[in-house]
Amino acid sequence: KVAEFSPVRSLAQTISMAGPLLQLPRLVDEVAVGEVAETAPRPSSEPSFDQIDLKAFEMAVTVPVTRILLEDAQIDLASYLGNHIARRFGQKEAAWFVNGNGTTQAEGVLTSDDVAEVEADITGDDLIDLFYSIKTAYSSNGAWLMNRKTMAVVRKLKDADGAYIWERSIAAGQPPLILGRPVYEAVDMPDPVAGNTAIVFGDFATGYAIADRVGFDIFRDEYTGADDGIGRAIFHEVHRAIHG
């Protein structure tokens with residue numbers, strides 16, 4: 001079956017966790033700089049930070065397989081199952097990065113209190129307002145995230161001169177553009193209906209971090225079920241996502 005993934009991992013920054021907890025500082029208040037005369041006292045100012053505590057969230061599955069099936073399979077069934085489960089884990093974590101609740105799953109872009117929401121219709125003017133609602137440093141490195149149904153709506157939008165605002169990609173294999181920034185399809189984004197957040201725009205590399213711990217492991221147990229000829233492979237993976 002065809003696997004569809006939301007591309008947040010490829011857009012965000014990725015870091016590694018060496019233990020069960022990772023603490024990251026986040027700037028809250030910047031240093032205040034003031035003008036002074038040549039011999040006047042210099043003002044004092046300190047930045048302030050808060051702390052983000054990251055702990056890993058785990059996903060797992062147990063797959064029972066009979067010994068006879070493993071012995072008689074015309075393909076390398078163990079390898080096939082490993083690749084299949086790894087793909088399914090990838091799909092689940094990709095969904096977490098969009099909609100994860102932050103308590104039992106990695107915190108998603110749409111569920112974070114740190115991401116501003118804008119109520120608007122999907123029109124060319126509203127997309128322009130959204131683009132210019134964030135700081136230039138972020139918009140110049142930003143990306144659009146939406147699902148196929150929303151892409152179909154946006155692709156039909158035109159400006160006052162009747163030209164489509166959707167721009168074709170500048171090279172083969174590159175994403176299309178809106179206002180000069182790339183558009184990525186995310187299957188886990190909501191549909192473009194009233195009450196849904198159908199479009200996300202921002203600098204994911206700066207605003208979203210994925211912390212990986214352990215990665216993908218397989219534990220193969222051929223003894224617990226030996227009395228009924230069934231072995232078990234336990235697959236698990238650990239990930240955590242946060243907003244910066």
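This is a short tour of the structure, stop by stop, with something to select at each one.

**Before you start**

The model is predicted, so local features are described only where pLDDT is at least 70 and side-chain atom pairs only at pLDDT 80 or more, while totals for chains, interfaces and linings use all residues. Residues are numbered from 1 along each chain as its sequence is written, and side-chain values use heavy atoms, with hydrogens and water left out.

**Stop 1: the largest pocket**

Begin by selecting Asp 114, Val 115, Ala 116, Val 200 and Phe 201, the lining residues that lie nearest the centre of the largest pocket. Its lining has 48 residues in total, and its volume is about 1500 Å³. Here a pocket is an open set of points on a 1 Å grid over the protein atoms alone, where a 1.4 Å probe fits and protein lies on both sides within 12 Å along at least five of seven lines; lining residues have an atom within 4 Å of a point. Grid points are joined across faces, edges and corners, and the volume is the space filled by probe spheres set on the points.

Now colour the lining by class: 28 residues are nonpolar, 11 polar and 9 charged. In this scheme Ala, Val, Leu, Ile, Met, Phe, Trp, Tyr, Cys and Pro are nonpolar, Asp, Glu, Lys and Arg are charged, and the others, Gly among them, are polar.

Which element gives the most to this lining? Select strand E2 (21-29), which contributes 5 residues. Other elements that supply at least two residues each include helix H4 (124-131), helix H7 (204-207) and strand E12 (230-243). The names come from DSSP runs numbered from the N terminus, with helices (H or I) of at least four residues and strands (E) of at least two.

**Stop 2: E10 and its partner E1**

Next, select strand E10 (208-212), another contributor to the pocket lining. Is E10 enclosed or open to the outside? Since 5 of its 5 residues are buried, E10 is largely enclosed by the rest of the structure. Buried means under 20% relative accessible area, exposed means over 50%, and partly exposed is in between (1.4 Å probe, protein chains only). Show the side chains: Tyr 208, Ile 210 and Asp 212 point one way, and Ala 209 and Ala 211 the other way.

Add strand E1 (13-16), which runs parallel to E10 and is joined to it by 4 bridges. Strands count as paired if DSSP finds at least two bridges between them. To see one place where they meet, look at Thr 14, which stands opposite Ile 210.

**Stop 3: Leu 11 and Ala 12**

Step back along the chain to Ala 12, in the loop between helix H1 (8-11) and E1. Ala 12 counts as buried because its relative accessibility is 12%. It touches Phe 204, Ala 205, Tyr 208 and Ile 210, not counting residues up to four places away in sequence; contact means heavy atoms within 4.5 Å. Its C-alpha is 7.3 Å from that of Thr 206, though the two are 194 residues apart along the chain.

Leu 11 is in helix H1 and is also buried, at 16%. Beyond its neighbours within four places in sequence, Leu 11 is in contact with Ala 143, Leu 145, Tyr 184, Phe 204 and Ala 205.

**Stop 4: an open sheet**

Look next for the open sheet of 5 strands, ordered E6-E7-E8-E5-E9 with mixed pairing. At its edges are E6 (166-167) and E9, each pairing on one side only. Within the sheet, E7 (177-178) and E8 (181-185) pair in the antiparallel sense over 2 bridges, and Leu 177 has Pro 182 as its bridge partner.

Select Leu 179 in the loop between E7 and E8. Its phi is near 55°, a positive value in a residue other than glycine, and the residue is partly exposed, at 33%.

**Stop 5: Thr 150 and a helix**

Move to Thr 150 in helix H6 (148-155). It is buried, with 0% relative accessibility. Its contacts beyond four places in sequence include Ile 122, Pro 190 and Ile 199.

Finish with helix H3 (77-99), whose 23 residues reach 33 Å from first C-alpha to last, close to the expected 33 Å. That expected span is 1.5 Å times one less than the number of residues. Among the buried residues of H3 are Leu 81, Ile 85, Phe 89 and Trp 96.
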